[in-house]
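The following note sets out several points on the structure, for a colleague working at the bench. Please read the numbered points alongside the displayed coordinates.

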Amino acid sequence: MLQSEEVYWSKMEASVILPILKKKLAFLSGGKDRRSGLILTIPLCLEQTNMDELSVTLDYLLSIPSEKCKARGFTVIVDGRKSQWNVVKTVVLMLQNVVPAEVSLVCVVKPDEFWDKKVTHFCFWKEKDRLGFEVILVSANKLTRYIEPCQLTEDFGGSLTYDHMDWLNKRLVFEKFTKESTSLLDELALINNGSDKGSQQEKERSVDLNFLPSVDPETVLQTGHELLSELQQRRFNGSDGGVSWSPMDDELLAQPQVMKLLDSLREQYTRYQEVCRQRSKRTQLEEIQQKVMQVVNWLEGPGSEQLRAQWGIGDSIRASQALQQKHEEIESQHSEWFAVYVELNQQIAALLNAGDEEDLVELKSLQQQLSDVCYRQASQLEFRQNLLQAALEFHGVAQDLSQQLDGLLGMLCVDVAPADGASIQQTLKLLEEKLKSVDVGLQGLREKGQGLLDQISNQASWAYGKDVTIENKENVDHIQGVMEDMQLRKQRCEDMVDVRRLKMLQMVQLFKCEEDAAQAVEWLSELLDALLKTHIRLGDDAQETKVLLEKHRKFVDVAQSTYDYGRQLLQATVVLCQSLRCTSRSSGDTLPRLNRVWKQFTIASEERVHRLEMAIAFHSNAEKILQDCPEEPEAINDEEQFDEIEAVGKSLLDRLTVPVVYPDGTEQYFGSPSDMASTAEHIRDRMKLHHSVLRVHMKEVTAVCLKS
């Protein structure tokens, strides 16, 4: 075990007493007294201190410094501010047995309330000769009389920074590294020296490469580098004026120890790697030769026989999947040997890169032989896999197409009974989509089949360079038979689709005619409603009434066209029903409705014409009298004309109050009662005007007669 002349390493390890050290019963803060002696601090607490654990802690701490450091002596600070006097006394007396030679001064830090009565029976200064060191009682603020403030921790008012857990962790890492690296150096030296002595003999016999170090050298080296980096960083920071922390002597002295161990480890590890490389290279060549022959013999023997026994492609998806599963089993067996090939090829390449001329020719020959056999076998496996995959896809497309044809045929065998034209259109669209899907499927089947036939026709011999007759006629006949059968089934379905399409188009036309006929009835009903509700005015004079009569006749022509259109549609439904051999759902109901609405419209229209004609007669006679009165008073000396106008007006007023009576006995009035009242009021006003004119002219006629 390597040692520096200033550091003595105890057999006691921190990891063994870690729980005790964590209690911080005592610690070396790194501070020094005025004689450059180390300061050992024992912080007592309120709880009872375990003296055995304290003794173990002191033994461990005093084993860390070098003999040179120990020779300077220790200053022990016993912090009794939180403890009892008898505990302090016990600790001081224990120091006599633990470190009597190294202790030069013991400073007992007393509490603010001193143990005056208890200390009278024991005076440390009287026991100096027996104890071997000086003991003084001092307050915390008086410690600076004996120790510089920069060497005291913050607990005693100093500026020295100390982290106990950080120090403990560093000790654990350092001790672990020292132990592992020393053991590893011994093992590596043994391996390297043994290899040098037996190198000639190992060339002639097999070497056991399982002889390895007990720990990983890389891990140990990494741990050492990290530890050294941490120690150097702390030393650098400690020398920086910005951080009030000074590294302890054990940390400063650990750096050369770690560096020396790392240098030795790197040297021995480099030699060990070279030894391993030479051993591995010698044994690899023998193993490679043996494994290459194993791979070649299996691929050219059992492997080739397995492939020669597999020719079929199956006649269904299940059969193709079974063949594919069998081929996967063959591939699985081959993959194990191919994995060996990849490993061997890498090993050969590594040996070739090493550049040993004595092995180059043999290695290249083995590599070429192995590559040729493996690539040839892999190509045959890939060809077979592609062929089976193509066959599986072909059978899959054939099965899908067969299911599509079955679905289309089932749809064609079911009689069409749609609810309306929209459902027929949807069914027809679905039928066309299915037929189109069948066309696409058949085209895909042809493409897959032709591709499979091309692969079969290009199939190479499984034997290496030998002509072997491959019977593929059964596979070819099966593929062509499937495609021909699907073509015939598709043609039969197309013929049935044509018939069904014609029937469905007729049904669409039938529903369209029925819908349009019903719409014609609705239109005619709307015209009737408009006639009764809006065609009310009779005109203010004969000219306006004639215009209204002309518009009414055009209105009647529109209604007549609508009625004729509905009749034609209903006649067409009858013809279509006869062609389809079915009974129309709506034509039997629509025709009576059409005739009924038309009859009502006709009655209302005739009534409208009568009223307009009476209004024309009324306005014409009234306007004639009004025009003749000023010029020929003697022409109206007869009251018959006025009586006639009054009679027409009264008849018109009576007619306005009479409802339109339909054949079924229902009655309907033109317009609302207010509309009728307005029209009647207008006629009465005209009649009153005529009476006024009549009286005026009668007076004029009488005056003329008297003068004459």
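1. In this predicted model, Y162 is a buried residue, since its relative accessible area of 16% falls under the 20% limit for that class. F27 is also classed as buried, because its relative accessibility is 3%.

2. How are the rings of F27 and Y162 arranged? Their centres lie 4.7 Å apart and their planes meet at 15°, so the pair is stacked; the limit for that description is an angle under 30 degrees. F27 belongs to strand β1, whereas Y162 is in the loop between β5 and α7 (164-197), so the contact of the two rings ties together parts that are 135 residues apart in sequence.

3. The surroundings of F27 include a charge as well: the charged end of K24 sits over the ring of F27, at 4.9 Å from its centre.

4. The count of aromatic pairs in the model comes to 7. A further example is formed by F555 and F601, whose ring centres are 5.8 Å apart with planes at 40°, so this pair is tilted. F555 lies in helix α15 (residues 542-580) and F601 in helix α16 (residues 587-628), so the pair ties together parts that are 46 residues apart in sequence. Both F555 and F601 are buried. One aromatic cluster is made up of F555, Y563, W598 and F601.

5. Strand β1, which carries F27, is part of an open sheet of 5 strands. The order is β1-β2-β3-β4-β5, and the pairing is mixed. Which strands form the edges? They are β1 (27-32) and β5 (134-138), each of which pairs on one side only. On average, neighbouring strands of the sheet are turned by 25° against each other, direction ignored.

6. Within the sheet, strand β2 (residues 38-43) pairs with strand β3 (residues 74-79) in the parallel sense, over 6 bridges. I39 has T75 in β3 as its bridge partner.

7. Two helices may be considered together with the sheet. Helix α2 (residues 51-62) lies across β1, β2 and β3, and runs at about 165° to β2. Helix α4 (residues 85-98) packs on the sheet and touches β2, β3, β4 (103-109) and β5. The direction of helix α4 makes about 175° with that of β4.

8. In summary, the edge strand β1 contributes F27 to a stacked pair with Y162, while F555 and F601 form a tilted pair between helices α15 and α16.

Definitions and conventions
Residues numbered from 1 in each chain as written. Predicted model: local features only at pLDDT ≥ 70, side-chain atom pairs only at ≥ 80, totals over all residues. Heavy atoms only, no water. Pairing = 2+ DSSP bridges. Helix = DSSP H or I, 4+ residues; strand = E, 2+ residues; numbered from the N terminus. Axes fitted to C-alpha atoms, helices over the stretch in contact; angles between N-to-C directions. Contact = heavy atoms within 4.5 Å. Phe/Tyr/Trp six-rings, centres within 6.5 Å; stacked < 30°, edge-to-face > 60°. Buried < 20%, exposed > 50% of the residue type's maximum accessible area, 1.4 Å probe, protein only. Lys NZ or Arg CZ within 6 Å of the ring centre and 35° of its normal.
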